[in-house]
Amino acid sequence: MNLLTERTQVSPSSTVKENKKHGFIFACTEKSEAKMLSEMVVATNKSYANKLFSVKEGDYIFLYNLDTDTLYGTFTPASEPVFDNNIDLFDGKYPYYMRVKPIGKIHKLSNASNLFKKLGFSWRDILTEYGALLLKSFIEGVSFVKVKSERIVDDTYIPPIFSTTLWDFSYQSYGVTKKGNNKYPGVTPAFIIYNLVWRYTEPGDLVCDPMAGSGTTVDVCMEEKRRVVAFDIVPTRKDIIQADARALPLKDSSVDMIFIDSPYGDNIRYNDHPLNIGHIPATSEKFYDELEKVMQECYRVLKDDKVLAWLIGDQWAKGLFVPVGLKIYERLTKYFQPVDIVCVVRRNQASNTPFWHSKAIQHNFYLRGFKYLIIVKKSKEYKNAKDVRIKWGFYER
Ligand SMILES: C[S@@+](CC[C@H](N)C(=O)[O-])C[C@H]1O[C@@H](n2cnc3c(N)ncnc32)[C@H](O)[C@@H]1O
């Protein structure tokens, strides 16, 4: 039977007014299904925690048993998403959970993967309101027309959580609310902070941004239910505190993660404040000396074993290449233990024009294609890089 055509047509425009709600499918197993249905709860481990925390009041929720290929629905949230590391439910395996309630009768659909395939999405995807209503109608056996122009999946509602060290996402912001101000010079792409927040913190943790600019970190953290404290030498909004990143008004070992997108030299004019480090050129050692003071301050306020992530780009100007990222890495690892380096693809930059592309080839230079996201950890055991004796091995080729 062709599920998509053998139904009488009902116009979706009568049901879909605004494409604001979303649909979420959460997985369970043979083992966890009964508990989820009897306790009216959907729960997950860290892999899908970010998806659970993006569910809002009024959204549509489905439960998918991966072992039996059965879909249950339709539910809607009955609580906010919760993180509880000490929870007994499911032997503590799924500490991120949400209470749900059924919308009417609970329906059940076998061979659900066939339907997912026919509709062209995966249970991991987030559905548009239209997609959710379509799925709801199938599970209830109610007629609903599939309209070609309507999107079923909303792939920009939340960014992906990247599993490799190459991060590429085309938009500065995502979701319904604005993150930061894309008119601010040097605004940080919000997906970077989103990925860090879900990798290295839990809901309720305290995140710090010592150079907060237009407040992208604040907006991401608020939405992901993290506490946040943000500073800038010239605050652009009320929830950013005026402070020099070299002297933060914070207690020692008090924050759970720091994100910093510092100036990359004097290429951008942020403001005229005399203490703005963005007035110092990246060709001068003073630039790194001042940023090293920021690193020392980050080290002081960060809790042990917690992460600092530093976004930085190299510079090519007037025929001179400066490996700013490598120089920052060198300074950072004087204090912190390296965790990893992520290559963040640069998009939407001013030089991304046919004019600059042809100049780069004609005059044999490169436009900046990536930024470094240097991830380091405050570790008591980490030896000062100077103390580490490296034995160099020479091998015959
Ligand atoms: C790349 S921008 C940050 C962008 C920000 N993450 C956003 O999304 O809008 C760098 C910021 O560092 C700030 N800054 C420069 N020197 C500073 C200092 N000494 N203390 C605190 N902030 C400083 C600048 O004012 C600027 O807002």
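This passage walks through a predicted model of one chain and its ligand, from the overall layout down to single residues.

To start with the big picture, the chain has 397 residues, and 37% of them count as buried. Nine helices and 17 strands make up its secondary structure. Laid along its principal axes, the C-alpha trace spans about 70 × 60 × 55 Å. Contacts across the sequence are a big part of the story here: among contacts with a separation of 6 or more, 68% link residues that sit 24 or more positions apart.

Next comes the ligand. Around it sit 27 residues, and those that come nearest are Thr188, Met211, Gly213, Ser214 and Thr216. Sorted by class, this shell holds 13 nonpolar, ten polar and four charged residues. Thr216 turns up again in the packing of two helices, since it is one of the residues through which helix 6 touches helix 5.

That helix pair is worth a look. Helix 5 covers residues 190-200 and helix 6 covers residues 216-223; their axes lie 9 Å apart and meet at an angle of about 45°. The two helices are therefore oblique to each other, and their crossing is right-handed. On the helix 5 side, the contact is made by Ala190, Ile193, Tyr194 and Val197, while helix 6 brings in Thr216, Thr217, Val220 and Cys221. Six of the residues in this contact are nonpolar and two are polar, with no charged ones.

A second pair is formed by helix 7 (residues 285-301) and helix 8 (residues 324-332), which pack at an angle of about 45° with axes 10 Å apart. Helix 7 and helix 8 are therefore oblique to each other as well, and helix 7 passes helix 8 in a right-handed crossing. Tyr288, Leu291, Glu292 and Met295 of helix 7 make the contact with Lys327, Ile328, Arg331 and Leu332 of helix 8. The make-up of this contact is five nonpolar and three charged residues, with no polar ones.

In the loop between strand 12 (255-261) and helix 7 sits Gly278. Gly278 has 21 other C-beta atoms within 10 Å, so it is buried; the cut-off for that is 20 or more. Leaving aside residues up to four places away in sequence, Gly278 touches Pro263, Asp266, Ile268 and Tyr270. Its C-alpha atom is separated by 30 Å from that of Phe162, with the two positions 116 residues apart along the chain counted as their distance in sequence.

Helix 9 (residues 354-362) tells another story: it is hardly covered, and zero of its nine residues are buried. Just after helix 9 comes Asn364, with a positive phi of about 55°. A positive value like this is found here in a residue other than glycine. Asn364 belongs to the loop between helix 9 and strand 17 (370-377). Asn364 counts as exposed because it has 6 C-beta neighbours inside 10 Å, where the limit is 12 or fewer.

Asn111 is another residue other than glycine with a positive phi, near 50°. Its place is the loop between strand 6 (96-109) and helix 3 (112-119). Asn111 has 12 C-beta neighbours inside 10 Å and so counts as exposed.

The backbone has one more local feature to point out, in the peptide bond from Gly73 to Thr74: this bond is cis, with omega near -5°. Thr74 is part of strand 4, which runs over residues 70-77.

Finally, there is Ser38, which lies in helix 1 (residues 30-39). With 8 C-beta neighbours inside 10 Å, Ser38 counts as exposed. Ser38 and Ser379 are 341 residues apart in sequence, and their C-alpha atoms are 44 Å apart in space.

Definitions and conventions: Residues numbered from 1 in each chain as written. Predicted model: local features only at pLDDT ≥ 70, side-chain atom pairs only at ≥ 80, totals over all residues. Axes fitted to C-alpha atoms, helices over the stretch in contact; angles between N-to-C directions. Helix = DSSP H or I, 4+ residues; strand = E, 2+ residues; numbered from the N terminus. Parallel < 35°, antiparallel > 145°, perpendicular 65-115°, else oblique. Left-handed = near helix turned anticlockwise from the far one by under 90°. Contact = placed C-beta atoms within 7 Å. Nonpolar A, V, L, I, M, F, W, Y, C, P; charged D, E, K, R; others polar. Near = placed C-beta within 6 Å.
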